[in-house]
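Colleague: Could we go through this model together? I should like to discuss the charged pairs and then the helix packing.

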Amino acid sequence: LRSCSPGRARRTNASRRTCLVARFGDIYAQERLDAETLLRTYISDVEMVQRIIYIAAVESFHAAKMAYRQFKTRVRETLSLGHSGPESLEDTVLDYIVRHEDLYDVQASVNEVIRSMNINPKISFPPEIDFIVISTLIRELCRVAFSMQTLVPPLDIAFGTDGELFSETKYHRSFDSDFTAALVAYHVWPALMENDVVIVKGEAVTKR
């Protein structure tokens with residue numbers, strides 16, 4: 001740790017942020033569509049497929065943020081025993097996490113997400129299939145969400161509810177939306193936020 005330059009995490013913050021925002025966009029464009037294609041081999045209802053993917057994204061961020069808080073607490077407890085500067089303890093902790101993100105147990109988060117999805121009343125799945133079929137999407141979302149917690153300020157996704165007023169600043173309408181409808185029927189993809197400001201729009205379906 002002594003060889004770690006002071007404030008390394010803060011110095012690389014802007015470049016890491018750019019990469020993570022781009023990665024979030026890539027997941028939307030690639031892994032999300034792969035998961036949708038896979039799910040549609042089991043489920044004919046497009047709305048249900050899109051709901052499953054959206055809930056997977058929300059639960060992945062939730063699980064990754066919880067894991068990050070626990071990881072940070074353990075690192076802080078360990079490093080505080082021998083910390084003497086020159087940088088603050090918080091900066092030292094952040095530097096350590098950024099350098100050792102590979103220690104994040106992403107599989108534990110994936111398992112937690114699948115457990116949460118299995119008891120979510122808004123989504124259903126044929127009993128012979130398991131949500132593990134979209135574990136690639138979940139794993140990539142957990143990884144990017146965990147890394148986003150190391151940014152200053154951290155990035156998060158917007159909270160969305162069925163029936164909320166559609167927001168042009170938060171979402172794009174899906175192509176099959178009723179473009180005159182004012183309310184969100186359901187969400188396809190979450191918006192990405194920084195300090196409560198939208199930096200990447202999500203996607204929602206509006207219907208009357």
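Modeller: Certainly. Please keep in mind that this is a predicted model. One place to begin is R17, which is partly exposed, with a relative accessible area of 25%.

Colleague: Which residue does R17 meet in a salt bridge?

Modeller: The partner is E194, and the N to O distance is 2.8 Å. R17 belongs to helix α2 (residues 13-29) and E194 to strand β4 (residues 192-194), so this salt bridge ties together parts that lie 177 residues apart in sequence.

Colleague: And is E194 buried or exposed?

Modeller: E194 counts as buried, because its relative accessibility is 18% and the cut-off for buried is under 20%.

Colleague: How many salt bridges are there by this rule?

Modeller: The count comes to twelve. Another of them joins the side chains of K65 and D156, at 2.8 Å from N to O.

Colleague: Where do K65 and D156 lie?

Modeller: K65 is in helix α4 (residues 46-80), whereas D156 is in strand β1 (residues 155-157), so the pair connects parts that are 91 residues apart in sequence. D156 is partly exposed, with a relative accessible area of 25%.

Colleague: What about R143 and E140?

Modeller: Their side chains also form a salt bridge, with 2.9 Å between N and O. Both residues sit in helix α7 (residues 135-148), three residues apart, which is about one turn of the helix. R143 is partly exposed at 40% relative accessible area, while E140, at 18%, counts as buried.

Colleague: Which residues are joined with them into one network?

Modeller: R23 and E31 are joined with E140 and R143, through salt bridges that share partners.

Colleague: Let us change topic to the packing. At what angle do α2 and α7 cross?

Modeller: The axes cross at roughly 160 degrees and come within 10 Å of each other. That makes α2 roughly antiparallel to α7, since an angle over 145 degrees counts as such.

Colleague: Is that crossing left-handed or right-handed?

Modeller: The crossing of α2 and α7 is left-handed.

Colleague: Which residues make the contact?

Modeller: From α2, the contact uses L20, V21, R23, F24 and I27. From α7, the residues are L137, E140, L141, V144, S147 and M148.

Colleague: How many of the contact residues are nonpolar, and how many are polar or charged?

Modeller: Eight are nonpolar, one is polar and two are charged. R23 and E140 appear in this contact, and both also belong to the salt-bridge network.

Definitions and conventions: Residues are numbered from 1 along each chain as its sequence is written. This is a predicted model: local features need pLDDT of at least 70, side-chain atom pairs count only at pLDDT 80 or more; totals for chains, interfaces and linings use all residues. Side-chain values use heavy atoms; hydrogens and water are left out. A salt bridge is a side-chain nitrogen of Lys or Arg within 4 Å of a carboxyl oxygen of Asp or Glu. Helices (H or I, at least four residues) and strands (E, at least two) are DSSP runs, numbered from the N terminus. Buried means under 20% relative accessible area, exposed over 50%, partly exposed in between (1.4 Å probe, protein chains only). Axes are lines fitted to C-alpha atoms, for helices over the stretch in contact, and angles run from 0 to 180 degrees between N-to-C directions. Angles under 35 degrees count as roughly parallel, over 145 as roughly antiparallel, 65 to 115 as roughly perpendicular and the rest as oblique. A crossing is left-handed if the near helix is turned anticlockwise from the far one by less than a right angle, and right-handed if clockwise. Contact means heavy atoms within 4.5 Å. Ala, Val, Leu, Ile, Met, Phe, Trp, Tyr, Cys and Pro count as nonpolar, Asp, Glu, Lys and Arg as charged, and the others, Gly among them, as polar.
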